[in-house]
Amino acid sequence: MFSSIVSGAVHGISSYLMQVEVDVSDGLPGFNMVGFMSGEVKESGDRVRVALKNIGFRIPASKITINLSPADIKKEGVVVDLPVAIGILTAMGEIKEESLRNVLILGELGLDGEVKHINGTLPIVIKAKESGFRTVLLPKANAREGAVIEGIKVVGVESLQEAVAYLTAKTDERDLLIPPTKVDINELFRKCEYDDVNLDFADINGQAAVKRAVEIAAAGFHHLLVVGPPGSGKSMVAKRMPTILPPLSLKESLEVSTIYSVAGMLGENDTLITKRPFISPHHLITETALTGGGNIPRPGAISLAHRGILFLDEMPEFPRSKLDLLRQPIEDRKVNIVRNRGKFTYPSDFQLVGALNPCPCGYYPDRNRCKCSDNEIRRYLGHISGPILDRIDICVEAPRVDIADLTEKTKRVNESSKTIRERVLKARRIQEKRFEGTDIRFNSEMTPSDIKKFCHLGMREENFLEQAFCTMELSARAYHKILRVARTIADIDGSEEIKEIHLMEAVGYRMTDGKYWHQHEE
């Protein structure tokens, strides 16, 4: 007899439907799996046979052939245990063919019949809904992850026995036997307030200029670079940035959650990623771990930071070759990986935040403390190439903290993350209204044509920017970045027009990189 089960799999970050065809016929007994698959996928046949035996089903001494289609996609890292087992039972007559209509099945089996957690559930459920399926039968450990997609029934099972019982039950009795999993998405977002009491801007004394730069970066989603000596609070500031960022929208949350699902980083309790990611890789990270890929391609750090922050601490410690890998993802907001088995595209719309010392010892330009030679400083800062610097929107100095800012003598009360976040959200609402009906979310995403439309300048402002462009020998990219940052500064100030003072502050954020890098060019 023949049966056909619909399952799903992930190819890169996208998903596709997979047909699991099972034929049980007379002939020389055997168990063959075909369909352009890797060795580890073929191993599912052994698991299925043992699992069926251990739950009481006797497989006849027949020729069993399993075909996975489409045949033009190599099946690597694909789990087909549960659909293969259900397909065999259907071909044997234990399960009726009509009971599988509009049902998609996912799951890995243990030898005792346990249905285990799998990766990539979320994008497969999305694909199932788009393809018109009404029910997805999957591991109970993945049920809440799949249930965030409305309009499709998600049924979680813990064992093969439960799956068989569900499929053999009458249609009107199934929901009583195993109730579909429900998730209140609104409740998930209500609980997503950043509640880490150990991370608050109120803990940071001094560094008013850095806090101002961080606020602007958060409001417009601009790339940020903080330069300063050791102990000036660079990392403290960066780690607190998530506490002032605008919340994820549902669409953004699904994008991020899909990446984490494919990467195997969305656990049973992590139903949906509702907070912007904060990824801080070590400078010894491999290129594959940074950009993604591998024998079985998986998203890298820059994709895990999608819609959030990629924080590079001690940025010059990263090899220049690794930093230059960020150039294309920063511009295109995606990373393309080409392998013999195909092309994989991962989203990488992240906010780059870098922190660095100005020299190997960290105290340049204070020559009373800095003993580094010009060549040492040049080699150190040279790890950050000009094209990377050109892609940084805001570069700010974090000077050594004054003792008065650390002692109780200071009567000034530091602003909390909540207060700063309110201003960021206010600027964000202005941007939402401005870009309504477009795909743009933040000022940093404006194209040159968008800048012409939304960044009108008066005669005085045009003259100032023209003078700055010629004096500082700016690139066209830097020119547009200044306008984007100035637009964000004006939004924070509640100004419809970009004024000269806004441009002056935006230009000032391009001067710090010139102070350190241009002075040491050969």
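**Notebook: salt bridges, sheet, helices, cores and cysteines**

I counted 26 salt bridges, taking as one any side-chain nitrogen of Lys or Arg within 4 Å of a carboxyl oxygen of Asp or Glu. The model is predicted: local features need pLDDT of at least 70, side-chain atom pairs count only at pLDDT 80 or more, and totals for chains, interfaces and linings use all residues. Residues are numbered from 1 along each chain as its sequence is written, and side-chain values use heavy atoms, with hydrogens and water left out.

**Entry on salt bridges**

I looked up Arg276 and found its side chain in a salt bridge with that of Glu252 (3.2 Å, N to O). The two belong to distant parts of the chain, 24 residues apart: Arg276 is in the loop between helix H11 (250–262) and S11, and Glu252 is in helix H11. Helices (H or I, at least four residues) and strands (E, at least two) are DSSP runs, numbered from the N terminus. I then checked accessibility, where buried means under 20% relative accessible area, exposed over 50%, and partly exposed in between (1.4 Å probe, protein chains only). Arg276 is buried at 8%, and Glu252 is buried at 4%.

I next looked up Arg307, whose side chain meets that of Asp349 in a salt bridge (2.8 Å, N to O). This pair links distant parts of the chain, 42 residues apart. Arg307 is in the loop between helix H13 (301–304) and strand S14 (309–312), while Asp349 is in the loop between strand S16 (342–347) and strand S17 (351–356). Both Arg307 and Asp349 are buried.

The third pair I examined is Glu331 with Arg477, at 3.4 Å, N to O. Glu331 lies in helix H15 (residues 327–332) and Arg477 in helix H21, so this salt bridge ties together parts that are 146 residues apart in sequence. Glu331 is partly exposed, with a relative accessible area of 36%, and Arg477 is partly exposed at 28%.

I also noted one network, built from salt bridges that share partners. Its members are Glu252, Glu255, Arg276, Arg307, Arg333, Asp349, Arg441 and Glu445.

**Entry on the sheet**

I traced an open sheet of five strands in the order S11-S14-S17-S10-S18, with parallel pairing; two strands pair if DSSP finds at least two bridges between them. Strands S11 (278–279) and S18 (394–397) stand at the edges with a single partner strand each, so one side of each is left without a neighbour in the sheet. Strand S10 (residues 224–227) pairs with S18 over four bridges in the parallel sense. Within that pairing I found Val227 opposite Glu397 in S18.

**Entry on helices H9 and H3**

Helix H9 (residues 208–220) has 13 residues and reaches 19 Å from its first C-alpha to its last. That is close to the expected 18 Å, which is 1.5 Å times one less than the number of residues. Ten of the 13 residues of H9 are buried, so the helix is largely enclosed by the rest of the structure. Among the buried ones I listed Val210, Lys211, Val214 and Glu215. Phe221, just after H9, takes a positive phi of about 55°.

Helix H3 (residues 81–91) is mostly covered, with eleven of its eleven residues buried. Gly93 follows H3 and has a positive phi, near 90°.

**Entry on nonpolar cores**

I took a nonpolar core as a set of buried Ala, Val, Leu, Ile, Met, Phe, Trp, Tyr and Cys residues joined through side-chain atoms within 4.5 Å. The largest core has 50 residues, of which Val214, Leu224, Met241, Ile394, Leu503 and Tyr509 touch the most other members. Helix H21 (residues 476–492) gives the most to this core, with eight residues. A second, separate core of 44 residues includes Val227, Ile273, Ile330 and Cys359.

**Entry on cysteines**

I searched the whole structure for disulfides and found zero, the criterion being a pair of cysteine sulfur atoms within 2.5 Å. The closest cysteine sulfur to that of Cys370 is in Cys359, 3.7 Å away, which is too far for a bond. Cys370 is buried, with a relative accessible area of 2%. Cys470 is in no disulfide either, and its nearest cysteine sulfur, that of Cys455, is 19 Å away. Cys470 counts as exposed at 53%.
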